[in-house]
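Student: Could you walk me through one part of this model slowly, piece by piece? I'd like to follow how the parts around it fit together.

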Amino acid sequence: MLDEKKMRLLESKIDAFRIREKDSDERKVMDEVFDQETLMSLYKLFNDGIVDTLEYSISTGKEGNVFLGTTDEGECAIKIYRISTATFKNISKYIVGDPRFKGILGNHKKTVMAWAQKEFKNLNRMYDADVNVPEPLGLHNNILVMEYISVEGHPAPLLKDVRLPAPTKVFRQVVESMRLIDESDLVHGDLSEYNMLMREGEPVIIDVGQAVTLGHPLAQEWFIRDVTNIANYFSRLGVRTDVDKMIKKIRGG
Ligand SMILES: Nc1ncnc2c1ncn2[C@@H]1O[C@H](COP(=O)(O)OP(=O)(O)O)[C@@H](O)[C@H]1O
Ligand SMILES: [Mg+2]
């Protein structure tokens, strides 16, 4: 049984999003995000007590939107992958070759749901391996709920937007996170200053949907790409980085 009052509250919140967005592109995105099926999924998360309220939009990306919400424990981040959009083209190449996602290609909606599920699984695996990532809180269809990474009530800034007083220290923390990710048998696959949030001087890794297991045909190529991105970014900040040494640190030997 769905709670009528909660449903009406949620509906009026979402209508407010639609009205507030004067920019017609942004408004179109809001209409896309909250299609009928996604609304039903949100109700389900409300009803199961995983989410209590939906507050405001934090980010609009190519494939999904991130909102601030609350749970009875406090704030949470709600990432909604858009079902009704044509911009989901990059995904299949990540899913092809991953044994966990056999037989779902060809159906767009199923692909989106599998993608959200993949991000949730990856997040759980990294969280269990003590990687500094948001705590996964719940998943239903195309909606992922996780810990909200904030600084004084605001979304934590991306690494790229922060002036680091001690870049070498942060560099070492990132390499340590990469070691733990590798140990959990995953490669992030899109690691850069755009997918790390800085909280209390520590990098928190986000956006793990594309992460693949080490057995994936592209795992090695993406691993090297991740290492190179990080090396390049920190060397621009004056840190002495060495790709071979980083790989040794991450993989041992
Ligand atoms: N758990 C979180 N806590 C706070 N902000 C977040 C969280 N997850 C994502 N964000 C914000 O939303 C943005 C988009 O999230 P991300 O997972 O990188 O999706 P994408 O890049 O695919 O749009 C991030 O750059 C960050 O600003
Ligand atoms: Mg991102």
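Tutor: Sure, let's start with a helix and see what it rests on. Keep in mind that this is a predicted model. Helix 5, residues 108-128, lies across strand 3, strand 4 and strand 5, and it runs at about 160° to strand 4.

Those strands belong to an open sheet of five, in the order 1-2-3-5-4, with antiparallel pairing. Now look at the edges: strand 1 and strand 4 (136-140) each have a single partner strand, so one side of each is left without a neighbour in the sheet. On average, neighbouring strands here are turned by 25° against each other, direction ignored.

Next, zoom in on one pair. Strand 2 and strand 3 (residues 74-81) run antiparallel and are joined by eight bridges. Within that pairing, Thr71 stands opposite Gly74 in strand 3. In a regular strand, by the way, side chains alternate between the two faces of the sheet.

The sheet also leads us to ligand 1. There are 18 residues around ligand 1, and the ones that come nearest are Ser59, Gly61, Ala77, Ile149 and Asp207. The elements giving two or more residues to this shell are strand 1 (53-60), strand 2 (64-71) and strand 5 (143-147). Sorted by class, the shell has 11 nonpolar, four polar and three charged residues. Domain 1 (4-148) and domain 2 (156-251) each supply at least three residues to the shell.

Last stop: a hairpin. Strand 9 and strand 10 form a hairpin with two residues between them, and Glu200 in the turn has a positive phi of about 45°. Strand 9 (residues 196-199) pairs with strand 10 (residues 202-205) in the antiparallel sense over four bridges, and Arg199 stands opposite Glu202 in strand 10.

Technical notes
Residues numbered from 1 in each chain as written. Chains lettered and ligands numbered in written order. Predicted model: local features only at pLDDT ≥ 70, side-chain atom pairs only at ≥ 80, totals over all residues. Pairing = 2+ DSSP bridges. Near = placed C-beta within 6 Å. Nonpolar A, V, L, I, M, F, W, Y, C, P; charged D, E, K, R; others polar. Domains from an automatic or database assignment. Axes fitted to C-alpha atoms, helices over the stretch in contact; angles between N-to-C directions. Contact = placed C-beta atoms within 7 Å.
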